[in-house]
Amino acid sequence: MPQTISVVENILNANDRLAEENRARLDAAGVFSINLIASPGAGKTSLIEQTLPRLKGRLRVAAVDGDIATSLDSDRAAAAGADASVQINTGGECHLDAVMLRGALDRLDLTQFDLLIVENVGNLICPANFKLGTHKTVLVASVPEGDDKPYKYPATYRGVDTLVINKIDLLPYVPFRMDYFQRGVQALNPGVVTFPLSCITGEGFDGWIQWLIENTRKE
Ligand code: MG
Ligand code: ZN
């Protein structure tokens with residue numbers, strides 16, 4: 001059905017234009033921004049909660065949380081010390097798009113921040129198709145999801161800039177073959193920057209925090 005395909009293409013093209021405008025606003029304000037995507041329960045909000053206190057006094061951080069219905073995640077970001085936190089209720093939509101991020105940017109004085117962390121809706125499929133205008137897309141995978149995820153969601157794994165492997169504290173308890181997982185990742189996205197870490201024990205956080213600081217200082 002060519003008609004359907006062209007409608008989808010038009011939506012994505014319009015979204016891309018708005019994403020470029022968002023990027024221009026972030027660049028003008030000198031804000032580095034990341035788009036966190038993951039399946040539900042991988043630990044995006046926990047990662048934000050554990051990241052914010054480690055950046056305290058080093059970077060000024062705004063958090064934008066996309067959620068289908070609640071403000072629970074942005075409340076957690078605010079409690080963890082975000083300098084500002086904005087909730088986007090998507091009204092049932094299963095991904096954020098550039099219009100929604102523009103609405104959130106309108107509510108922030110971007111000159112007050114160094115880093116913007118966007119938490120996308122928990123979903124491994126469509127968030128990868130909708131650019132927001134952020135500088136880097138960070139995929140948060142987690143050990144209990146299983147080691148087959150790169151093989152099952154190749155498009156998502158191929159398109160990301162950075163990979164966090166969360167919940168490594170569970171490696172002794174679940175059948176997750178790190179080498180099998182990493183082989184899948186490397187076949188799709190060779191050399192992708194990867195941070196295995198645990199939001200419970202704090203293991204692996206140093207590299208992740210360093211990456212955030214270095215990229216923010218470049219912006
Ligand atoms: Mg969350
Ligand atoms: Zn969606």
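**Strand S2 and the magnesium site**

On strand S2, Val61, Ala63, Asp65 and Asp67 point one way, while Ala62, Val64 and Gly66 point the other way, and all of them are buried (under 20% relative accessible area, with exposed meaning over 50% and partly exposed in between, for a 1.4 Å probe and protein chains only). In a regular strand the side chains alternate between the two faces of the sheet. Because seven of the seven residues of S2 (residues 61–67) are buried, this strand is largely enclosed by the rest of the structure. Strands (E, at least two residues) and helices (H or I, at least four) are DSSP runs numbered from the N terminus.

This is a predicted model, in which local features need pLDDT of at least 70 and side-chain atom pairs count only at pLDDT 80 or more, whereas totals for chains, interfaces and linings use all residues. Residues are numbered from 1 along each chain as its sequence is written, chains are lettered from A and ligands numbered from 1 in the order in which they are written, and side-chain values use heavy atoms, with hydrogens and water left out.

S2 pairs with S4 in the parallel sense over five bridges (pairing requires at least two DSSP bridges), and Ala63 stands opposite Ile117 in S4. S2 also runs parallel to strand S3 (residues 84–89), joined by six bridges; here Asp67 stands opposite Asn89.

The magnesium ion (ligand 1) has the protein donors Thr45 (OG1), Asp73 (OD) and Glu119 (OE), 2.0 to 2.2 Å away. Donors are N, O and S atoms within 2.8 Å of the metal (3.2 Å for Na, K and Ca); water is not among the atoms, so sites may look incomplete. Thr45 lies in helix H2 (residues 44–55) and Glu119 in strand S4 (residues 115–119), so the pair ties together parts that are 74 residues apart in sequence.
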